[in-house]
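I opened this notebook to record what I looked up in a structure that was new to me. The entries follow the order in which I consulted it.

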Amino acid sequence: MTANNLSYSETVRKDILTKGLEIFKADPAKLNHHFVAKELGISNAKIHYHFGTDLKQAVLSYAVEQGDSHVVVGLIASKDRMVAHMTKAERQKHIDVVFA
């Protein structure tokens, strides 16, 4: 499916991840079901349906998938398992972007 042909459920999921990443980058402490739901004008239940209790993990995984260097560098610094698969060169690329 292309981005324009996403199902409603896939669109909601992507909207939650996108807003969650935006919130995480602004203030990681605010990344929770309630705040994301409020920002998107949807119910907490809808977020829980898509992500259960793993919203933060899903948002961070999305950041890695999107290549968000600022988040990735934080994960590298904390030795998070989400970046364990990255080669040294991939890690360095993100570090160079942030500290260039």
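The entries below concern helices, one histidine and the salt bridges.

**Entry 1. The model.** I note at the outset that this is a predicted model.

**Entry 2. Helix α1.** I looked up the extent of α1 and found that it runs over residues 8–26, 19 residues in total. From its first C-alpha to its last it reaches 27 Å, close to the 27 Å expected at 1.5 Å a residue. I then asked which residues of α1 are buried. I listed Val12, Ile16, Leu17, Lys19, Gly20, Leu21, Ile23 and Phe24. Next I looked for what covers these buried residues, and the cover includes α2 (33–40), α3 (44–51), α4 (55–66) and α5 (69–77).

**Entry 3. The pair α2 and α3.** I examined how these two helices pack and recorded an angle of about 120 degrees, with the axes 8 Å apart. The crossing of α2 past α3 is right-handed. On the α2 side, I found His33, His34, Val36 and Ala37 in the contact, and they meet Asn44, Ile47 and His48 of α3. Sorted by class, this contact has four polar residues, three nonpolar ones and no charged residues.

**Entry 4. His94.** I located His94 in helix α6, which covers residues 88–99. Is His94 buried or exposed? I entered His94 as buried, because its relative accessibility is 5% and the cut-off for buried is under 20%. Leaving aside residues up to four places away in sequence, I found that His94 touches Gly67, Ser69, Val72, Val73 and Met86.

**Entry 5. Salt bridges.** I asked how many salt bridges the model holds, and the count came to two.

One joins the side chains of Glu22 and Lys19, at 3.0 Å from N to O. Both residues belong to helix α1 and stand three residues apart, about one turn of the helix. I checked the exposure of each partner: Glu22 is partly exposed, with a relative accessible area of 46%, whereas Lys19 is buried, at 16%.

I also recorded the salt bridge of Asp68 with Lys25, whose closest N and O atoms are 2.8 Å apart. This pair links distant parts of the chain, for Asp68 lies in the loop between α4 and α5 and Lys25 in helix α1, 43 residues apart. Here Asp68 is buried, with a relative accessible area of 12%, and Lys25 is partly exposed, with 48%.

Definitions and conventions
Residues are numbered from 1 along each chain as its sequence is written. This is a predicted model: local features need pLDDT of at least 70, side-chain atom pairs count only at pLDDT 80 or more; totals for chains, interfaces and linings use all residues. Side-chain values use heavy atoms; hydrogens and water are left out. Helices (H or I, at least four residues) and strands (E, at least two) are DSSP runs, numbered from the N terminus. The expected span of a helix is 1.5 Å times one less than its number of residues. Buried means under 20% relative accessible area, exposed over 50%, partly exposed in between (1.4 Å probe, protein chains only). Contact means heavy atoms within 4.5 Å. Axes are lines fitted to C-alpha atoms, for helices over the stretch in contact, and angles run from 0 to 180 degrees between N-to-C directions. A crossing is left-handed if the near helix is turned anticlockwise from the far one by less than a right angle, and right-handed if clockwise. Ala, Val, Leu, Ile, Met, Phe, Trp, Tyr, Cys and Pro count as nonpolar, Asp, Glu, Lys and Arg as charged, and the others, Gly among them, as polar. A salt bridge is a side-chain nitrogen of Lys or Arg within 4 Å of a carboxyl oxygen of Asp or Glu.
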